[in-house]
Each structure stands twice: as structure tokens, then as C-alpha cells.
Amino acid sequence: MRRLLHRTLPLMAAAGFLLAGSTDALASSHMDAPLITLDDAANTTDVYAFVHDENGRKSLVTALGVYPFEEPGIGPNKFNFDDNVLYAIHVATGDDVAAGYPTYSYEFRFRTKFKNRKTILQSYLDVINDVDDAAQNLTQFYTVTKVDGRTGRRTKLGDGVVPPNNQGNATPFYNQGDNGENPAKDGVATFEELDKYTQQSIAALDNGYIAFAGQRDDGFYADIQAVFDLLKLRNPGRDSQGGFNLHLMALAIPVDELGGDRQMAGVYATTSRRRFTVLADGLAKSEVIGDWVQVARQGNPLFNEGLVAVQDKDLYSRTQPSSDKVLFSKYAEKPELAKLLNRLVLEPDIPGIETGRTDIAGIFIPDVIKVDLSTGSARLAGGGPTHPTNPDDPGFSRLSIFGDDVLVSQIQPGFGDGVIPGGWPNGRRFGDDVVDIAVTALISDLRTSPPIIRGPAGDNVNANDTAFNKVFPYESTPQNGRRHVHH
Amino acid sequence: MKRWTVYFAGLVVSVGLSSGCARKEAQAAAAPSVNLDPCAAALAQGPERDDRDRAIARLQQLARSLASPEGEIERLGYAYVARARVSSDPGDYTLAERAAACLERRRPGDPAALLLKGHVLHQLHRFAEAERIARDLVARRSFVLDYGLLGDAVMEQGRLDEAADAYQKMIDLKPFYQSYTRAAHLRWLKGDLDGAIDVMRLAIGAASPRDPESAAWAWTRLAAYELQADRAGAAASAAEMALRYQPDYPAALLVQGRIFLATDRPADAVAVLRNAARLNPLPEYQWTLADALRLQRLDVEATAIEAEMVARGRITDPRTLSLYLATRRMDAPKAIALAEEELRARADVFTLDAHAWALAASGRIREALPVITRAVAEGTEDARLFLHAGLINAAAGRGRDAKRWLNKAEHLRSMLLPSELEELDKSLTGTARESGELK
């Protein structure tokens, strides 16, 4: 495949640069639209979607992260899911993928319970041995509900419990040697090796769905700090998200629940809050319950952050993918980022990358992560190719197709013989280096046959700071509040 | 980008607690700098005592280094506002105003520059000017914070229905911390205490853990609401939560002191109120401390505090000073002058109350009566307001109305300062009661 992609190409010596002048453009999905940065609990970070077998059933694994730059162990105000936020992972199938309509929506609603409110110890009364034991003062529970977008039918899939955040001594079993003084456990390859809190929180729901909700390490990696620090890039770069956590909702959806695997799926996520009437009319009691207002949306990585202009970022947050073609296709077809690359970084300019980018629009419009369900399981990231106990799957590349990591589709020709990317933009896996993939795609030209590939290029951050798990829920163990390192 | 959270979130805290504002000091402090280049003033190096200072220094450094630093200057302006809210340093409002002027110079008519300027004007109690900017902004775009500014500006001018419309637009566009706190305050102003508590709890849930002052503010307001609802235990818990988020948070300490006073713990009240008044030496704090000190028979210290309040209050918070003077029956002409000066900037419920009370203290009952009647007409459930309405009506010979308002004040007596309680009790047990007019 590498030969296929590269044989006609002048390889640009592009490695090592990062997008000078795009200080806002590549701010990751962690601080995207201006207004949503005011609402951490509803602020989406990343969406993941990839094909994998779960408990012997071919599944579409989906995940949504919230709470960007979650400082481990922060107190007294612990990061928690918000009971008043509607979190939803949407899946489009069939014609809905191109149209940008959710065929199915999977809603996560949380409720928070305290065992003892007459204490300042909000979360931990003692060492937590098991999830929701007597020592876990604050416990969150959740319900997952499937909503059929065509009929409106709602089906409760089941309930789950949220494990405690990794504070340190209060939560030793997250950490190496089951010792709260040690760093968080490394990624593992099997369920049995997972820390016991995570194990106890993986919920088997009805119809073969599997769910998890709780704190994890933030698996997005990029040198955002260098971009914001006067564009003084470095080699190696530093993972700006290093040492930070987030809150993750993961849901493995059996593919047969979506109508089988001979199709594409489109995945995105939203968060919503309820509006209400500020002042009730007459003598009616004021309420705080009204209909839901979408406050954030997340599909492909970097779209709203890297391509949509500031003036439209909040508009993006409150609209649906079905509007993307009308409202936002201009940003994909004429990406300002490509223009900035030409103006500020590339020498000489690369002609033709600034306009008419139907290839980029094909990825981002509508902004749902397109996943070919007909392939085999995606290769997974572990702790790198040479990790002694939890190596990446053979053939895994953070660069997806640009690193020769491909899958074979049964339903589309792809780049020939069904060859399609093994990771983003065919789905998105934990460990996909979306910054490097995006930059490489922008400076390349995928409109031609064969495509012209330049790069790979990127920010010199090539791995997450902690190893991923190769087992559900995949995202790494949450960083220890007592022992973690920011870069 | 992370700092956006902090800066924007801090803005909402200005809603409705304007009595603790130091805007005249800010205006005075601004005077010497009017001839300075606003950008130079905004970017001038300051102290680096804590994280907020360092964040400001980083923004300044970044702004100086960029050819187009408008975004950084905008954030710097909000950073100054946010710091002012915690430090109570009026000079920060001046710096915020300079940042807004700098931004406006670089991008004349730019909405972001106007919004920052509008917020600064609001902080400086230049509500009419802030309203003009807000109306300009909402005519040009549909940005939720523009409606927040508009609602804040008209609310301070006493136009609560217009404020409700603006805040409703906020909620419709985006339900989140900023719109929740505003909605809660408006509900409270309109007398819907339960509704205010419901929404303030939403605000608490939506506050960013990275912005402890926002969470502390929401908990502080909830504590005040719970105290008003006569749930002292819940109020104390809420105040403690506020202080866990933001230790030594003056507003929370003040509420905690009020809770101690309401629960007959004057010694504890003195301890926290001393700290609160030290951190935020404004009349509202000093008056509360002085009352607590007098309960403890610490009259010398109380007198000193009151003297300082009288000396500086005209600059820092004339409305509260006016109320204090009228309550103490001291210098009624000054009390009236202070209230009338305040009325020129805003005509909200509490300024009307201060004006009416000052008029009453000088014996001008016939003039006071329509003013206090207008103030209570909004439906705000406030013990001080009711006390003044009762006493003014009693003085006007309107016994039935006096009884009604005094009974409402009695129902909310935990909200009153000791000196006001004394006034209430006298009125309830004095002439009016003897004459059968009251209770």
C-alpha cells in the first residue's frame, strides 16, 4: 500500500513542521467553540468509533470524552458527569450517513448519590476497595437509552455505575502495585488485567451492548502548547494533554443491532442542557424543566477546531450534521488551514491544495465519523510496537493509511481491491495520530487517482503519554491525582 | 484557551450584587491614566503574586509578541475583570477598561471589543452606556453573552421585564452557568425563592471545576437563598461549600457571618466577618461586622469600623452607606444625596429602597411612600425592603399596609442585620402594636 500511495509522489520534507500561524486552528477538540469552553461538563473532547469484536460479536465501538484538560485529583470540586446534561452518541446508517441524520441515538443520563452528606469528604470516605462500596461517598449511576431516530421509539438498554476518580491513596487499585503512591497502571491487553474498578464498571447491557462511563486518561496527543507558545515547535514535541484525564462514555454496539455489517455507519456525539422559562406566567410555579438545547457537537477530530472559522464555531455546536453541507462545506472545500500552511510553513507553496478540496469535504461533510462496518476488526494501539506486555497490534500505525495500516472493505472499492484506511478517517481508534493524519491529508491530494501523498507531516508528538488498553473501554487508566506528570 | 473558561465565567458574578462594587475607586484610579496609550496601560507589567497574576502576565507576554494580538488582549480584559472579582482591587477594572479601549482602537466596532467594553462599563455602573452597547450587539448578531450584558444593564436600571426577556433569550440559546445564574437572580428578584434555588442548583452543577470562583459564587448565592428560606443548616452547608472552592472568599464569608448572626452565634460571626471585612472593606461588610461587634459589646472596634465606612463608603458603595446612615439616623441629607446620586446610574429595586429610606429618615414621608411602593411592586422578597416599607407606611399612617410589610419582614428576619432587627422589633412591639395596627 505504501508503494501504491507513494510511488507517484514527490515526498515533501514536511515532517517536523506544524501549522505555523494556526494558533486557534489546531487547538484540538478540547477547547473548541468559544461558548462551550464555558461548560466543561458538556464540553466534548473527542469521539471514537471503530469495528471490533466484543465478547465474540462484531461491534461498533463508540466513545465520547468530555471535560478537557481534567486535572487529576483536583479538589474539592471533583470532575463528575453532570446529572443535568444529556450526553448522546449518535449513529447514522444507510442513507442517513450521507444525509447526516441520526438513525439511532444512545443517550447517557446520570444521577449522583451521596452516602453521607454530613461530611466534607465529598468523594472518598476511606480507601475504596470496590466500586460503590461504603468508602465511596459520591457515586454516579447512569442509564443508557436507545432512541430510534426514525420512529422515536425509546428502549432502555440498561444501567451502569461510574467508578471513582483516581485520587491516589483513596483509589489504590488504579495504580501500579495497587499502591496509591504509584503512577497509574499501564495499558493491558485483557479484561483480567484491567484494574478492578474498571472491571467492576463495565456494564453488560441488553441485546449485547457493553457500556462504560468514568474517568480515563486523555488519549488525545498533540503539542498544542508549542503551537500556542509563539509557535516555537520542537523535536520531539510534547503531549500537551499529557497527565490530564477526561470523562469517557464508551458503548460497544453489536453490528447486527445496526442492521448488519454490509454498510457504512456515521458516528457523532452531542451534549444538551434543558432550557426553561425564566419567569413563569401568572401564578404558575417556575420550573427548571423544558426541552433540550444542544450545546456541543463532536464528529471528526479537528473539524470544528481546525477548519470552521471562529464566527461559526458556536453555530456548529448547536446544529446537526444534516446542516453541514449547507453551512460548513465551504470550510472543508476551501480549508483556511491549507492556505495558512502555504503562507506560513511550506516552501515552496503546494499548488492546488487550498481550493476545491472535495477530498477533504468527503471526510468532514457531513461531520460524522464514517466507519465501514464490513471490515475485520481494527488494529489496536497498546503501548507501542515494542511494549513488552501490551504491544500495538501487528500492523497498527498511528498514521492509519499513511502508515500502511489498512483494512479491506467488502462494500466499497476504496483505493483498489477494497483497501481503505485502518484508522481515521475510516472510523477513529484510540491512538490514531489525528493531527498528523489531518495535516498529511491537507497537504496531499486525494482527488487524483492514484492520490498524491505528501508527508507524513505533523507535530512530532507520536504517541500518547500512557499506553492504551487493548480491551474495552480501551482508553488508558486514569492518571493518578497524587502521582502524574504534565509535560 | 483554557483560560477562557475562567474569564468569561467570572463575568456573571457581577449580576445583582452591585452593592459591593468599587467602581468609583476604579473611576478615580482611571483618571490619571486617560492620557496613556490604552494598549500600553493594559500590557504594563504587574505583580505576579498568584496564578491569576501569572496568567495575566502570560497573556501580556503573548500579546506583546504577536502582530495581531486582539484575541489575547480581549482575554486579558476579561482576566482583569476576573481578578477584580476576587481581589476587589478597583484598579483591575481600570486595566480592563484600558484593554477594551486598546481592542477598540485596533478593531473599531468589533463585536468582541464592544462586548468587553460593555462588561467593563457595567462593572463601573455605567449601565445606560452598557445597555447601548448591548443593544447594538444584539441587533448585529445572536450571541448569547450579548443578551447577558443587555439583561444585566436593564436589570440594574430597574427594568426587570426587559431583563427577563434578555435572560430568556440566553436560556433559549444556551442553557449554561452564565444563563442559569442570571435566571436564578431574576427569579429571586421577582420573589420566586424556590425557583431561584432550583436554578442556582443547576448553576452549581454546571460550574467549571477549573473555575472555583464561579462555583463559590453560586454556592454563596445558594447559601443566601437558603438563609432566606429559614434553612440555616442548608445555608451553612452551602457557605462551607463555597469556602471549600474558594477559601477566604469574601462574599461567602459575609454570608457565613450572616448565618452565624441569624443562629445566635455572634462570636463566630465576628471572627469570620473580621476576615471578610479585611478582605473586602466595603460598607456592606463593615456594617455587618460593626453590628456583630456591638452584639459582643466590642463597641470601640465597632465605632472604628463604622468611622472608616463613613469615611470611605461614599466612594466604595454609596448606596449601602446611604442605607446605613438612614438606619442610624445620621446625616440624613447625605444619605439622600448618596441615594439620589446612585439613582442617576440605576433605578433598581434596592436603589429605590435606599432612596425611600433616606427620605423617610429625614422625615420626608410623603416623598418616601411612592418610592418604596414602587420598589416593593416588583415582588422582590427582601427583609430590609419589607422593613422599610412597613416603617414608611406606618409613618404615613397606613396601618394595614405597615402591618403587612412588617409581618413579611418578620417572616424573613434572618436576613436582617442586628441593628435592623432592633428596628423591626421596636416597631412590632412599640406604638404600632399598642395601637392595634400591627400584629
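Here is a friendly exchange about a predicted model.

Biologist: Let's begin with the make-up of chain A: how many helices and strands are there?

Modeller: Happy to start there. Chain A has 487 residues, and 56% of them count as buried. Of the contacts between residues at least 6 apart in sequence, 70% join residues at least 24 apart. As for the elements, chain A holds eleven helices and 14 strands.

Biologist: Which strands stand at the edges of the open sheet in chain A?

Modeller: Five strands of chain A make up this open sheet, with antiparallel pairing and the order β1-β2-β9-β8-β7. Two of them have a single partner strand each, so one side of each is left without a neighbour in the sheet. Those edge strands are β1 (44-54) and β7 (203-204) of chain A.

Biologist: Staying in that sheet, which residue of β9(A) stands opposite D217(A)?

Modeller: Strand β8 of chain A covers residues 210-217, and β9 of chain A covers residues 245-254. The two run antiparallel and are joined by eight bridges. Opposite D217(A) in β9(A) you will find N245(A).

Biologist: Now to β12(A): which of its residues stands opposite A265(A)?

Modeller: Along β12(A), I369(A) and V371(A) point one way while K370(A) and D372(A) point the other way, and all are buried. The strand pairs with β10 (residues 264-274) of chain A in the antiparallel sense, over four bridges. The residue facing A265(A) is V371(A).

Biologist: D132(A) has a positive phi. Is D132(A) buried or exposed, or partly exposed?

Modeller: Most residues other than glycine have a negative phi. The phi of D132(A) is near 65°, and this residue lies in the loop between β4 (104-114) and β5 (138-148) of chain A. Because D132(A) has 19 C-beta neighbours inside 10 Å, and buried status takes 20 or more, the verdict is partly exposed.

Biologist: And S400(A), is that residue buried or exposed?

Modeller: S400(A) also has a positive phi, near 55°. Its place is the loop between β12 (369-372) and β13 (406-408) of chain A. Because S400(A) has 31 C-beta neighbours inside 10 Å, this residue counts as buried.

Biologist: What is the omega of the cis peptide bond from G455(A) to P456(A)?

Modeller: Most peptide bonds are trans. In the segment after α11 (434-443) of chain A sits P450(A), and the bond from S449(A) to P450(A) is cis, with omega near -5°. P456(A) lies in the segment after α11 of chain A as well. For the cis bond from G455(A) to P456(A), omega is near 5°.

Biologist: Over to chain B: what covers the buried residues of α22(B)?

Modeller: Helix α22 of chain B, residues 365-376, reaches 16 Å from its first C-alpha to its last, close to the 16 Å expected. Its buried residues include A368(B), L369(B), V371(B) and I372(B). Their cover includes α21 (349-361) and α23 (383-395) of chain B.

Biologist: Last one: in the largest nonpolar core, which residues touch the most other members?

Modeller: In soluble globular proteins, nonpolar side chains tend to be buried together. The largest nonpolar core here has 269 residues, with at least three drawn from each of domain 1 (1-125) and domain 2 (317-439) of chain B. Leaving out residues up to four places away in sequence, A242(B) touches A216(B), W219(B), T220(B), A223(B), Y249(B) and A252(B). The members that touch the most others are A99(B), A203(B), W219(B) and A242(B).

Terms used:
Residues are numbered from 1 along each chain as its sequence is written. Chains are lettered from A and ligands numbered from 1 in the order in which they are written. This is a predicted model: local features need pLDDT of at least 70, side-chain atom pairs count only at pLDDT 80 or more; totals for chains, interfaces and linings use all residues. Two strands pair if DSSP finds at least two bridges between them. A residue is buried if 20 or more other C-beta atoms lie within 10 Å of its own, exposed if 12 or fewer, and partly exposed in between; C-beta atoms are placed from the backbone. Two residues are in contact if their C-beta atoms, placed from the backbone, lie within 7 Å. The expected span of a helix is 1.5 Å times one less than its number of residues. A nonpolar core is a set of buried Ala, Val, Leu, Ile, Met, Phe, Trp, Tyr and Cys residues joined through C-beta atoms within 7 Å. Domain bounds come from an automatic or database domain assignment.
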